[in-house]
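Q: Could you walk me through this structure, one feature at a time? I'd like the general idea, then the case at hand.

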Amino acid sequence: QDPGVRLSKALSYVLRHGAEAEGLPMGPDGFVEVGALLRLRRFAGVSESDVRRVVAADPKGRFTLRPDPLRVRANQGHSLPVRGGPRGVPDLELTPLRTPEALPPTLAHGTRRRLWGPIRAGGLRPMGRQHLHLAGGLPGDPGVRSGMRSDSEIAIIIDGPRALADGIPFFRSVNGVILTPGDAQGRIPPKYFLRVLQLRPHRE
């Protein structure tokens, strides 16, 4: 596996899920010091320059760096029980989307076709993460950089204005992903599904 891909996956795991288990201090804003990160065994042989290079090259903008001292965080996808932001998630500089006009015209969640049955019955859930990830459009649309896995076979289109009116909050992350903790049960119920589109093997 490419060393850059391997490092990106290691960063994603530790910054989103594993910092506590690794004994790595994380601030309420989700940042950890790169110096402390590189002292972990899984990052043996990795330099600050390697981290900078992977962060700069990430096509989806998954990470943010801050200087003095050099710190890094994942921009979304956390399962860690950290405090600081909405509903106990880190203060990730999320922008609240409080009006229908603030929402993208298309809100989509990508998934595998085999999962559609359970989703249709029970709604969308974050599956262990603090937020459900949505894309502000479909793959290939202008400005759609992240928010949907590249191997998604279908896209579930969400009625964002209706969900917002019913009290489901939405946020935009610094790299453009639309995030929501869902309703009081932590889900987006099926009543907010507008339609389902096929993405693979070809978009319809």
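Q: Let's begin with strand pairing: which residue of strand 7 is the bridge partner of L107?

A: Strands of a sheet pair through backbone hydrogen bonds, either parallel or antiparallel. Here, in a predicted model, L107 has I158 of strand 7 as its bridge partner. Likewise, G110 is bridged to A155 in strand 7. Helices (H or I, at least four residues) and strands (E, at least two) are DSSP runs, numbered from the N terminus. Two strands count as paired if DSSP finds at least two bridges between them. Strand 5 (residues 107–111) and strand 7 are antiparallel, with 5 bridges.

Q: Before we go on, what should I know about the numbering and the cut-offs for this model?

A: Residues are numbered from 1 along each chain as its sequence is written. Local features need pLDDT of at least 70 and side-chain atom pairs count only at pLDDT 80 or more, while totals for chains, interfaces and linings use all residues; side-chain values use heavy atoms, with hydrogens and water left out.

Q: Back to the sheet. What is the order of its strands?

A: The order is 5-7-10, an open sheet of 3 strands with antiparallel pairing. Strand 5 and strand 10 are at the edges with a single partner strand each, so each has one side without a neighbour in the sheet. On average, neighbouring strands are turned by 25° against each other, direction ignored (axes are lines fitted to C-alpha atoms, and angles run from 0 to 180 degrees between N-to-C directions). Strand 7 is joined to strand 10 (residues 193–198) by 5 bridges, again antiparallel. In that pairing, I157 sits opposite R195.

Q: How many residues of strand 7 are buried?

A: Buried means under 20% relative accessible area, exposed over 50%, and partly exposed in between (1.4 Å probe, protein chains only). For strand 7 (residues 154–158), 5 of the 5 residues are buried, so the strand is largely enclosed by the rest of the structure. Both faces are covered, with I154, I156 and I158 on one side and A155 and I157 on the other.

Q: And S152, in the loop between strand 6 (132–134) and strand 7: is S152 buried or exposed?

A: Buried, because its relative accessibility is 3%. Contact means heavy atoms within 4.5 Å. Leaving aside residues up to four places away in sequence, S152 touches G110, T111, L199 and R200.

Q: Now a helix: which residues of helix 3 are buried?

A: An α-helix has 3.6 residues a turn, so residues three or four places apart point the same way. In helix 3 (residues 48–57), the buried ones are D50, V51, V54 and V55. They lie on the same side of helix 3, because they cover an arc of only 130° around the axis (taken from the directions from the helix axis to the C-beta atoms). Exposed A56 and A57 are on the face turned away from that buried side. The cover over the buried residues includes helix 1 (3–18), helix 2 (34–38), strand 2 (63–66) and strand 3 (71–74).

Q: What does V34 of helix 2 touch?

A: Not counting residues up to four places away in sequence, V34 touches E48, V51, L65, L70, R71 and V72. V34 counts as buried because its relative accessibility is 0%.
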